[in-house]
Amino acid sequence: MTPFERSIDAEVLAGLPNEQERLAEATRVLDYYHLRGGMHVPRRRGESTTAWSARPRQTHPLTRRVIKILCSKTYSPGPTRTIADDPAADPILQEVYRDNLIDQMVAAADRMATLLHFAAVQAVDLGSESLKPFRLRLWDASQLALYADPNDPTRCAALITIDRADNRTRYRFWTAEFCREYLTEKWSRDRTSGARTSRFVSQVDHGYGRPPFGLVFNERPTSGLYSEPLGAYLADRNAAIDVKIDRMDEAVVAFHSPRGFVFNAPPGWSPDGDPDDVAGLVRVPRVQTEDGNVEVRVEYPQPGLNVESGWLDVEKAIDTVMEGLGVPQTLYRMDQASLPSGESQKAEQQPLIDYAEDRRELFKSWETDLAEAVLAVVGTATGNAAVKEAGARGINLTLRWPPEEPSVEDVQTDQLTVAERSASLLQVVQKRNRYASRDEAMQHMEQVARDDADLAALFGGGPDVLDSAAAEGSTNG
């Protein structure tokens with residue numbers, strides 16, 4: 001191993017001590033995303049650990065809801081993917097993607113990267129005995145440690161995957177040449193050490209020529225692979241909201257079940273005459289009046305309760321988060337009775353649409369990296385040197401998302417632009433479909449021309465016949 005690889009090896013053997021703080025934070029964020037935030041609600045004043053464990057604790061789904069909304073449009077709908085200049089690699093990639101429901105897989109990676117700043121999709125060779133021998137597996141940041149190239153801090157040169165089974169932790173150290181596996185000792189409740197540090201088990205020279213992973217980030221790395229995740233901010237806001245809700249719950253319980261105070265009760269006294277039953281009453285010391293008479297009385301002080309103000313406080317805290325992150329209120333509230341007009345709703349959701357379009361541009365690069373990893377693994381497993389070389393040298397993967405449905409005004413503007421010769425039809429097609437290059441728009445128009453020619457041949461005529469056939473189909477439909 002190189003000195004760089006030996007330093008990572010030592011880190012793994014020690015149990016990744018430099019990663020523990022980040023991994024613990026990622027686990028906390030995932031608790032809120034997976035609606036387990038109740039375990040982080042603090043104990044109430046005077047509450048024992050046993051009482052805290054026994055009572056139900058509410059958690060608001062803020063973190064999960066925000067991530068779901070932010071990522072809702074990136075892969076809905078998903079793109080078409082084509083390797084135009086490699087007819088041998090393209091069908092192989094398409095088959096692996098169909099077997100693994102690629103849109104759902106990459107959409108899940110988008111959510112995890114948005115939440116924890118990065119995620120990875122691994123191409124796994126299950127062996128020829130499997131009906132579908134190549135599987136894609138998602139790793140979130142709580143299961144990964146990334147190591148940047150010493151000469152390029154924005155490029156991942158090696159990574160560690162972390163998984164657990166049978167009360168053991170397994171680390172796998174991946175580089176472009178090999179995979180080293182490590183195991184910890186089995187953890188048990190009576191064990192105080194040894195469940196994090198590991199021992200070397202085996203090494204495999206996989207021969208892929210690159211790590212078999214495609215990395216996805218919340219933002220393109222510009223100065224390093226790590227950055228503060230959005231999920232940390234959301235988890236902090238979620239924790240504050242959970243405390244507000246818990247205090248309201250405590251106030252409601254106190255209002256409906258107020259504590260009772262008994263004044264001037266002699267020893268052994270109880271409301272029903274049973275000395276062993278004091279009904280949870282709090283005894284107040286006896287105070288004898290001037291005439292010497294002592295009257296036993298029970299009082300239940302009733303605290304004030306204003307649930308509406310409490311929920312208004314919670315809603316304001318939520319609205320602050322939503323507004324700051326550009327999440328449309330109409331999508332969060334889902335209140336059909338108060339939806340704004342179509343134009344107002346479109347304007348409100350425009351930041352989310354812009355966010356999704358920016359993400360799609362980034363995913364063109366990240367999906368290309370994933371496709372190359374898939375081809376490297378498939379080519380190595382099947383002995384197809386051309387496919388393996390395509391994964392190693394790089395491919396030109398084209399991703400095309402369906403365009404947004406244009407409004408009537410958009411269509412009229414495009415027609416006027418072409419009629420006035422202020423823009424060509426090719427430029428209009430590129431703008432409407434948001435193609436990154438003129439070549440993509442040209443490919444689109446070439447496909448349209450081929451489709452028109454095929455339909456014209458089928459119906460035995462030119463465009464007029466196609467228009468008539470479309471009109472007839474519309475009438476019969």
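**Exercise 1. Compare the expected span of helix α8 (residues 307-325) with the distance between its end C-alpha atoms.**

Helices are DSSP runs (H or I, at least four residues), numbered from the N terminus. The expected span is 1.5 Å times one less than the number of residues. For the 19 residues of α8, that gives 27 Å. The end C-alpha atoms are 27 Å apart, so the two agree. G326 follows α8, with a positive phi near 75°.

This is a predicted model: local features need pLDDT of at least 70, side-chain atom pairs count only at pLDDT 80 or more, and totals for chains, interfaces and linings use all residues. Residues are numbered from 1 along each chain as its sequence is written, and side-chain values use heavy atoms, without hydrogens and water.

**Exercise 2. Sort residues of α8 into buried and exposed.**

Buried means under 20% relative accessible area, exposed over 50%, partly exposed in between (1.4 Å probe, protein chains only). G310, V314, I318, V321 and M322 are buried. They cover an arc of only 110° around the axis (directions from the helix axis to the C-beta atoms), which puts them on the same side of α8. An α-helix has 3.6 residues a turn, so residues three or four places apart point the same way. On the other side of α8, E308, K316, T320, E323 and G324 are exposed. Cover for the buried residues includes α4 (62-70), α7 (230-256) and α9 (329-333).

**Exercise 3. Place T63 and list what it contacts.**

T63 lies in helix α4. T63 is buried, at 0% relative accessible area. Contact means heavy atoms within 4.5 Å. Neighbours within four places in sequence aside, T63 contacts Y32, Y33, L115, L234, A235 and N238.

How values were computed: Helices (H or I, at least four residues) and strands (E, at least two) are DSSP runs, numbered from the N terminus.
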